[in-house]
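Student: I have a model open and would like to go through it with you. Could we take it region by region?
Tutor: Certainly; please put it on the screen.

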Amino acid sequence: MPEGHSLHRLSRQFDDVFGEQAVQVTSPQGRFASDAARIDGHELEHAFAKGKQLFCRFSNDLYLRVHLGLYGAFDFGGDSLFAGASSIGAPRRIGEREARMQETASYSGPPAPIGAVRARIVSKHGWADLRGPTACEVLDIDQVQRQLAKLGPDPLAGASARFQASKGQVEPGGDQRYLDAGLREFRVNLARTSTPIGVALMNQNVISGVGNIYRAEALFRNRVSPTLPANQLSGRTANKLWWDIVAIMEDGVRDGKIITTREEDREPEGVLWPDNAYYVYQRQGMGCRKCAGSIRLEEVAGRKLYWCPRCQKLPRSKDVSR
């Protein structure tokens, strides 16, 4: 499942190639046909993401909501004027790789749909096809607000605000305010649950957009045991964890892939990604980059959890008898 940085890159792509244009919206597969008709022919005003969900606002005050889930993917294609300045494409498969947009020198419209295309969006210069999403629906503003309210704070809210300001969609300077508010909400959410922090970070109600890679890497970088109850995380550590997640996810938006290692911790030989990209993710049985231990793998709450038992020890219990 794509993590939050991929959805923010996807929203930027939509803003670049479809923003402020009237578009045709259809459902070649048929399952989205009635909702597609509600926004067909209207202007796609702007797109934004929160966590792992994409929202596109249309000129008739309706919104397209897409949750890619495990198998959803977008294809883009069109002429040279359709290429987005902010993103080269969109998630194509499970994992964090992206594919380049199909560019046609003599573009005369989209090709015949291939496979089960849930939704097709077409503008004068290009098209996007959506296949296999968990959710694809058209909502009004009240329904959108209810969806957004279910989600925890997004570490990429600041990056999103800066992008929107660059497009003239919002006033500049609000990015830090959004991130500070996100930190406060994150700490409140952690304090409300005794769930292990390694599970809590994957809960989109606690924090939006963090998936298996960012969860494992952020906990390692901050030397936090994944088994520590979330409400036992100190305020100082919670602050550090939030700002570190913000930093590495913003790097992901910029780079189009997840790279969490610091230069001094990488092996001198081997390519940066994926060989040197991670500290613990998918490195089970391999030596830790920071100590003499080895990386461990367990399945927790139905997901694979990677960590270093030596670097990420539980804190010593306080002796309350003294």
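Student: Where is Ala301 placed?
Tutor: This is a predicted model. In it, Ala301 sits in the loop between β11 and β12 (303-307). Its phi is positive, about 55°, although Ala301 is not a glycine.

Student: Is Ala301 buried or exposed?
Tutor: Ala301 counts as exposed because its relative accessibility is 65%, and the cut-off for exposed is over 50%.

Student: And what about the phi of Arg223?
Tutor: Arg223 has a positive phi of about 55° as well, and it is not a glycine either. Arg223 belongs to the loop between α7 and α8. With 53% relative accessibility, Arg223 also counts as exposed.

Student: Why mention these phi values at all?
Tutor: Most residues other than glycine have a negative phi.

Student: Changing topic: which peptide bond is cis?
Tutor: The bond from Trp273 to Pro274 is cis, and its omega is near 5°. Pro274 lies in the loop between α8 and β11 (296-300).

Student: What else lies in the loop between α8 and β11?
Tutor: Asn276 is one of the residues there. Asn276 is buried, with a relative accessible area of 2%.

Student: Which residues is Asn276 in contact with?
Tutor: If neighbours within four places in sequence are left aside, Asn276 contacts Thr261, Arg266, Glu267, Glu269, Gly270, Val271 and Arg289.

Student: Now the interior. How many residues has the largest nonpolar core?
Tutor: That core has 42 residues, and Ile197, Leu201 and Leu241 are those with the most contacts inside it. Two or more residues each come from α5 (175-191), α6 (197-200), α7 (212-221) and α8 (235-255). The largest share, eight residues, is from α8.

Student: What does Leu241 touch?
Tutor: Not counting residues up to four places away in sequence, Leu241 touches Phe186, Ile197, Leu201, Ala218, Leu219, Asn222 and Leu233.

Student: What does the second core include?
Tutor: The second core is separate and has 29 residues, among them Phe58, Leu62, Val66 and Ile121. As a general remark, nonpolar side chains tend to be buried together in soluble globular proteins.

Student: Back to α5. How many residues does α5 have, and how far does it reach?
Tutor: Helix α5 has 17 residues and reaches 25 Å from its first C-alpha to its last. That is close to the 24 Å expected at 1.5 Å a residue.

Student: Which residues of α5 are buried?
Tutor: The buried residues in α5 are Asp175, Leu179, Gly182, Leu183, Phe186, Asn189 and Leu190. They are on the same side of α5, because they cover an arc of only 130° around the axis. Arg177, Arg184 and Ala191 are exposed on the other side of α5.

Student: And what covers the buried residues of α5?
Tutor: The cover includes α4 (157-166), α6 and α8.

Student: At what angle do α1 and α4 pack?
Tutor: Helix α1 (residues 4-18) packs against α4 at an angle of about 10°, and their axes are 11 Å apart. The two helices are therefore roughly parallel.

Student: Which residues meet there?
Tutor: From α1, His8, Arg12, Asp15 and Asp16 meet Ala159, Ser160 and Phe163 of α4.

Note on methods
Residues are numbered from 1 along each chain as its sequence is written. This is a predicted model: local features need pLDDT of at least 70, side-chain atom pairs count only at pLDDT 80 or more; totals for chains, interfaces and linings use all residues. Side-chain values use heavy atoms; hydrogens and water are left out. A nonpolar core is a set of buried Ala, Val, Leu, Ile, Met, Phe, Trp, Tyr and Cys residues joined through side-chain atoms within 4.5 Å. Buried means under 20% relative accessible area, exposed over 50%, partly exposed in between (1.4 Å probe, protein chains only). Helices (H or I, at least four residues) and strands (E, at least two) are DSSP runs, numbered from the N terminus. Contact means heavy atoms within 4.5 Å. The expected span of a helix is 1.5 Å times one less than its number of residues. The arc is that of the directions from the helix axis to the C-beta atoms. Axes are lines fitted to C-alpha atoms, for helices over the stretch in contact, and angles run from 0 to 180 degrees between N-to-C directions. Angles under 35 degrees count as roughly parallel, over 145 as roughly antiparallel, 65 to 115 as roughly perpendicular and the rest as oblique.
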